[in-house]
Amino acid sequence: MDSDDSELGLGGAGELGLQISFERAKGKDKNENSDSDGEFDEKSEDLLPWMINDVRSRCVDNGGSGSHEVKMDVNLNLRLSGEPSSSNSLNIATETENFDRFDHDMQNKRPKVHSFSLDWVTNFETEIHYLGPLHEKVDDEDLPDSSVTLDNAENKNDPLQMEDSGVRMDLTDDLLHMVFTFLEHMDLCRAARVCRQWRDASSHEDFWRYLNFENHYISVQQFEDMCQRYPNATSVNVYGTPTIHLLAMKALSSLRNLEVLTLGKGQLGETFFQALTDCHMLKSLTIDDASLGNGNQEIVIYHDRLHDLQIVKCRVIRISIRCPQLETLSLKRSSMPHAFLNCPLLRELDIASCHKLSDAAIRAAATSCPLLESLDMSNCSCVSDETLQEIARACRHLRILDASYCPNISLESVRLQMLTVLKLHSCEGITSASMLAIASSYMLEVLELDNCGLLASVSLELPRLKNIRLVHCRKFADLNLRSTLLSSITVSNCPSLQRISIISNALKKLVLRKQESLKTLALQCHSLQEVDLTECESLTDSICEVFSSGGGCPVLRSLVLDSCESLTTVSFESTSLVSLSLGGCRALTSLELKCPNLEHVSLDGCDHLQTASFSPVGLRSLNMGICPKLSELHIEAPLMVSLELKGCGVLSEAFIYCPLLTSLDASFCSQLRDDCLSATTSSCPVIESLVLMSCPSVGPDGLSSLHCLPNLIFLDLSYTFLVNLQPVFDSCLYLKVLKLQACKYLSDTSLEPLYKGGALPALCELDLSYGTLCQLAIEELLAGCKNLTHVSLNGCVNMHDLDWGINSDRLSEVGTLYGSFDSSSSSSLEPNRLLQILNCVGCPNIKKVVIPPTARCFDLSSLNLSLSSNLKEVDLSCCNLFFLNLSNCNSLEILKLDCPRLTSLFLQSCNIDEETVETAILHCNMLETLDVRFCPKISPLSMSTVRTACPSLKRIFTSLAPT
């Protein structure tokens, strides 16, 4: 489209326009004017024909045809009543908005929520400005309609098809109103810039009953406009705005329904407080961080209906408050030497940190409120016991008292019988003698005595007490509590505390951490379930009686005694205990647990534990390997499946009855004998994994007892002195994994039953690392045991070559017949090797590795020959090899690979040249990772040729090129 009259205003400066079809306006002229039912006034009826004629004339002037679509930019700025805006003259946009809005409603047939209109061009954009300069100003021409018509390249000359292809936001006004109830003022301002429908919806007075301008700049004129726009606003916040006095006066005079007013950070004159009486609906007034009056006059606050008054951190000489309906008053942190109150219905009074108020002033203020229920006088250092006595006599309904940081009170002569909450933090005058006065408050539920430095003992019997706090009481030594409803006790950092006696039916959790002097604990708590006594270093073995059956805690489930270093002999017998932690109890030498429901026990750091008995327990797993001095062990655990005794080097006597045990790790138990192993295998018949690494005392008799374990599939006999494995071959018929690392006393014939006698037919993983088997024995083993999938020969010094090509005749003597590699002659082929992983790390004498196709290693996927310093030649034909590691093979010279599925090749620190590498990987079509770091004959600058030889490479690791 060539002219401005025929384009939607989306180009240029980013203007947004409204698209009106000429045919649509012409065809619906009569119908919509007759059905509007008062939606348009008389001016609109006269203006619409003129608008159509004007559109036609513009088309003729621009050379357009009357049949073409006409688009025009219009300005929406009309109130819902149909009256024109005060800031703009009446124009064609005014009537077009009503026309289009009515058309939209007639099509959707949905009810509308009529919103209070705004003068958006002059006022709301200013509102956006002072609420936060987030966007630039936008005129009405920039606001699109809620239904936006998109240009269609194929139908741009057909207005009817173009109108049908429009995308409409089908949101009714009532639904939009509901969505906008979740938005804050700033979000409403942003939403108003989307379209006309959203602008009207966001201006509804329901969203602007609370005018919040906290810490925003707003002028008096702007605020006055807002008050006139929303006269039904009920709450105003002008805290932190300039000229709060003028703004507050405007709010009082303009908003007759004002109920909540918040002011602060400025100065309020006397006229403001005089005008309060005219704001009859005001219920709550908050003044924070302000100066009241001119600094030398009395401020009088009088209001008939005020219920809540907050004067916080304010400066004033004298204040007089006469509010007959006032219920809550706060003068917290205000600087005032005099305060007069005439509030007969006041229930809550907060004068905390009013340092200039005298004792007499506090007394007069509090006693003038006979219905007072809550009084906060914390940090009023001049308060005396005499004042509290007067308050107790005058305020008989007082329930809550906070007298913290009042050093002059002792409460010895004060009786506050109706108190439910008493806070006395850092009151140096509170001593053990004060407890008699506190005990008279039989309704007391909450008592806080933190930092009462002279308090030595607390002995209270209060039937309703629920919560007590004693923190940082340096002389506190004795606590005696009796309360059936006591549910929370907080005692910490009381270094002198020695004795605690508690009787309660409601207490469920007790935490007494870091009570270093605590020696005696007496509990009668029938609901207590959790106890934490961490770092109570003075607790003795007598604590066990408290938590055993009949000790006063019948339903205890969790007990933490970590770092209780005075415990030496611990014995618990409990049917309810589920979790026990004794971590860091370094002096513990003996442990006896008879807890059939015990599921978790922690013994970390119990380095000196010598004897342990778990009979019976409900443990499913147990780790005793952290107790290196353990010599005697007795376990009866019907549910245990895993037991670790690793590192119990002096364990000589062990009775283990765990019928469901599947895993036992007894590695490094050097004193474990055959009789103990035999007893364990007979009482734990379902063991599947058994680790006896570095158990030199285990001999043939112990190994023969393995026939009692029909499910045994994993056996580790590494670092033992075994010379005969026949008991293993006879007893472990279903063994799958056998580890024989560093079994240097095994002879070359020790493994002959494996590859000659068919022993251990299910064996698939064999570890012979660091052994002394000869080259021939290893070759015969690899040739005869074709079911092995994982073989480790790391550090085998007697293995010289791994050549499966030239030794076919020798290997055939053990029953292996090599045939042609051609799969067509399957009748003469020997069985395929199942070997998948072969590790020969650090074999110093191996020089040559050859695995031809005739070796039939079709399943070999990983081969590790790293650290074989004398290895010179590697020739592999393995169709499924994925991983090959030849790192640190310094003598490597020949590398031939026929491994089409190789993905990772490591040649780090190999003395091999670039040409050999390129030739080797030429047929490795799936190679992705190549590591040639620290290869002196390979230049990092020549990797392009390597990539050319193997296009599948994704990662090449090379050393930095020399500079």
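Let us start with a pair of opposite charges: in this predicted model, Glu224 forms a salt bridge with Lys250, and their closest N and O atoms are 3.7 Å apart. The two partners come from distant parts of the chain, 26 residues apart, with Glu224 in helix 10 (residues 220-229) and Lys250 in helix 11 (residues 244-254). Lys250 counts as partly exposed because its relative accessibility is 26%.

How many salt bridges are there? The count comes to 21. Another one of them joins Asp478 and Arg499, where the closest N and O atoms are 3.8 Å apart. Here strands are involved: Asp478 belongs to strand 19 (residues 478-482) and Arg499 to strand 21 (residues 499-504), and the pair links distant parts of the chain, 21 residues apart. Asp478 is partly exposed at 27% relative accessibility, and Arg499 is also partly exposed, at 37%.

Further along, the side chains of Glu928 and Arg955 meet in a salt bridge, with 3.6 Å from N to O. Glu928 sits in the loop between helix 23 (914-920) and strand 49 (929-931), while Arg955 is in strand 50 (residues 955-957), so this pair too links distant parts of the chain, 27 residues apart. With 28% relative accessibility, Glu928 counts as partly exposed; Arg955, at 38%, falls in that class as well. Salt bridges can also join up into a network, as they do for Lys739, Glu765 and Asp767.

Now turn from charges to helices and what covers them. In helix 14 (residues 385-394), the buried residues are Asp385, Thr387, Leu388, Ile391 and Ala392. Why do they lie on the same side of helix 14? They do so because they cover an arc of only 155° around the axis. The general rule behind such a pattern is that an α-helix has 3.6 residues a turn, so residues three or four places apart point the same way. The cover over the buried residues of helix 14 includes helix 13 (359-367), strand 13 (374-376) and strand 14 (400-402).

Helix 17 (residues 674-683) offers another set to look at: Asp674, Cys676, Leu677, Thr680, Thr681 and Ser683 are buried there. What do these buried residues pack against? Their partners are strand 34 (653-657), strand 35 (663-665), strand 36 (689-691) and helix 18 (700-704).

For a view of the surface, look at Leu175, Met178 and Val179, which form a nonpolar patch with about 270 Å² of accessible area together. Val179 is found in helix 7 (residues 173-180). Its relative accessibility of 44% is why Val179 counts as partly exposed.

Finally, what about the cysteines? A search of the whole structure finds 0 disulfides. Cys343, for one, is in no disulfide, and the nearest cysteine sulfur, that of Cys323, is 5.4 Å away. Cys343 has a relative accessible area of 0%, so this residue is buried. Cys840 makes a similar case to check in the viewer: the closest cysteine sulfur, in Cys843, is 5.0 Å from its own, which is too far for a bond. A disulfide would need the two sulfur atoms within 2.5 Å. Is Cys840 buried or exposed? At 0% relative accessibility, Cys840 counts as buried.

Note on methods:
Residues numbered from 1 in each chain as written. Predicted model: local features only at pLDDT ≥ 70, side-chain atom pairs only at ≥ 80, totals over all residues. Heavy atoms only, no water. Buried < 20%, exposed > 50% of the residue type's maximum accessible area, 1.4 Å probe, protein only. Helix = DSSP H or I, 4+ residues; strand = E, 2+ residues; numbered from the N terminus. Arc of directions from axis to C-beta. Contact = heavy atoms within 4.5 Å. Patch = residues over 30% accessible without salt bridge, like charges linked within 9 Å, V, L, I, M, F, W, Y side chains within 5 Å. Areas by Shrake-Rupley, 256 points an atom, 1.4 Å probe, with all protein chains shown as cover. Salt bridge = Lys/Arg side-chain N within 4 Å of Asp/Glu carboxyl O.
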